[in-house]
Amino acid sequence: MRGSTVPFVSKLNHLSLFATKILRNQHQTYTSKSCYSSSSLSFRNDPTVLPTALTCSANSKCILLGSQIHAQIIKLGLSNDVFSQNNIIKMYTKCGLLAHGLKVFDEMPMKNLVSWTFVISGAVQTGEFEMGLGVYLAMRRTGLVPNEFALGCVRKGCAALGNKELGECIRCFVLKVGMETNPFVGSSILNMYAKLGDIEDAERVFECMDNRVGCWNAMTGGYAQCGYGFESLMAFSLMQYKGIPMDTFTFINALKGCLIVGNLNFGRQIHGLIIQSEVAFSTAVMNYLMDMYFKNGGELYALKVFDRLQNYILEYCVFKSLTR
């Protein structure tokens, strides 16, 4: 904001009016959900209008809206505002334009941890794993301490590239700074070891984690990914014994285990638990359930699941059309 004679609040007022006008023009092109989520842009003196506008464009993958807001930010003299620039990087990377995000990042006079994390995340999400790891190492050389989100992205990059050496370094760093009890970080490292085929190290990481469902999902999924179907089902059974709540990923991992061991009876028991749970009509769970039945000789059960899912979708569509 250096060199600007326009007060910051006044700039937000201008940006609010600009973003509202653009969003109205985009109403015929983009879904009503995207427009409704940005209804707050019409309020004046609202300091949240900038991130709201950029979030709207990122969620709707509307690069036209995002680039116009970016241009207006430059016009209003907010190019040196770190918060604004971080949101622009996030918008570009979510829209799949990593190069544009990197250009904004390179031109920033000051960068904070969020800036680096958005670039690392964007690189990994677009499949540029080597670039993501390179940016992470460059960030570490600046002295910044990565947060759990940056570590999670780097873990994914290490697994994709098969770089176990860097993965081990990340685990040592996590232990050094005392983040090993963080469920997100622990699950990320466990997933990395599982994808690298090192189930023993994954089990050692799991032993240090708590009883949250995300940690158990990481372990059951790790077993299934490494081909240990029986161990995956054992972990699933232990979750049920301990009364740990189960979600969509829990049942998907258990069904993967059934596919590996070819146990139709156990799969039917899981089906019963799914019916009693809150994910009984999850499309992802139903797809894995039908796959398990078809591959284990339960074609009739699979067709019944399919019919039930079709009826649910039809009823849901009718309900939505009547409530509009």
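This report describes the fold, the salt bridges, the largest pocket and several single residues of a predicted model.

## Overall Architecture

The chain contains 18 helices and zero strands. Of its 324 residues, 45% are buried. The surface that the chain exposes amounts to about 17,100 Å², and carbon and sulfur atoms supply 56% of that area.

Contacts along the chain may also be sorted by separation in sequence. Among the contacts with a separation of 6 or more, 60% are between residues 24 or more positions apart.

## A Mostly Covered Helix

Helix H3 spans residues 49–59 and is mostly covered, with nine of its 11 residues buried. The buried residues of H3 are Val49, Leu50, Pro51, Thr52, Ala53, Leu54, Cys56, Ser57 and Ala58. Just after H3, Lys61 adopts a positive phi of about 55°.

## Salt Bridges Within Helices

Side chains of opposite charge can pair when their charged atoms come close. The structure holds five salt bridges. One of them joins the side chains of Glu107 and Lys103, with an N to O distance of 2.7 Å. These two residues, Glu107 and Lys103, are about one helical turn apart because they stand four residues apart in helix H6, which covers residues 98–107. Both Glu107 and Lys103 are exposed.

A salt bridge also connects the side chains of Lys295 and Asp291, at 3.5 Å from N to O. Lys295 and Asp291 lie four residues apart in helix H17 (residues 283–295), so about one helical turn separates them. The two partners can be described by their accessibility. Lys295 has a relative accessible area of 57% and is therefore exposed, because the exposed class begins over 50%. Asp291, at 25% relative accessibility, counts as partly exposed.

## A Network of Salt Bridges

Salt bridges also link Lys164, Asp198, Asp201 and Arg204 in a network. Within this network, the side chains of Arg204 and Asp201 meet at 2.3 Å, N to O. Both Arg204 and Asp201 belong to helix H12 (residues 199–207), where they are three residues apart, about one turn of the helix.

Is each of these two partners in H12 buried or partly exposed? Asp201 has a relative accessible area of 9% and is therefore buried, because the buried class lies under 20%. Arg204, by contrast, counts as partly exposed at 42% relative accessibility.

## The Largest Pocket

The largest pocket has a volume of about 240 Å³. Its lining consists of 13 residues, and those nearest the centre of the pocket are Asn191, Asn217, Gly221, Phe249 and Asn253. Three helices each give two or more residues to this lining: H11 (183–195), H13 (213–225) and H15 (248–261).

Which helix gives the most to the lining of the largest pocket? Helix H13 does, with seven residues. By chemical character, the lining of the largest pocket comprises four nonpolar residues, eight polar residues and one charged residue.

## Three Individual Residues

Ser188 lies in helix H11, one of the helices that contribute to the lining of the largest pocket. Ser188 is buried because its relative accessibility is 6%, and the buried class lies under 20%. When its neighbours within four places in sequence are left aside, Ser188 is in contact with Gly152 and Arg155. Glu231 is found in helix H14 (residues 229–242). At 33% relative accessibility, Glu231 counts as partly exposed. The C-alpha atoms of Glu231 and Thr220 are separated by 7.7 Å, and these residues are 11 residues apart along the chain.

Ser79 is placed in the loop between helix H4 (63–75) and helix H5 (82–94). With a relative accessibility of 28%, Ser79 counts as partly exposed. Leaving aside its neighbours within four places in sequence, Ser79 is in contact with Ile73, Ile74 and Gln85. Ser79 and Val104 are 25 residues apart in sequence, and their C-alpha atoms are 9.3 Å apart in space.

Terms used: Residues are numbered from 1 along each chain as its sequence is written. This is a predicted model: local features need pLDDT of at least 70, side-chain atom pairs count only at pLDDT 80 or more; totals for chains, interfaces and linings use all residues. Side-chain values use heavy atoms; hydrogens and water are left out. A salt bridge is a side-chain nitrogen of Lys or Arg within 4 Å of a carboxyl oxygen of Asp or Glu. Buried means under 20% relative accessible area, exposed over 50%, partly exposed in between (1.4 Å probe, protein chains only). On a 1 Å grid over the protein atoms alone, a cavity is a set of points where a 1.4 Å probe fits but cannot get out, and a pocket is an open set with protein on both sides within 12 Å along at least five of seven lines; lining residues have an atom within 4 Å of a point. Grid points are joined across faces, edges and corners, and a volume is the space filled by probe spheres set on the points. Ala, Val, Leu, Ile, Met, Phe, Trp, Tyr, Cys and Pro count as nonpolar, Asp, Glu, Lys and Arg as charged, and the others, Gly among them, as polar. Contact means heavy atoms within 4.5 Å. Accessible areas come from the Shrake-Rupley method with a 1.4 Å probe; for residues, only the protein chains shown count as cover.
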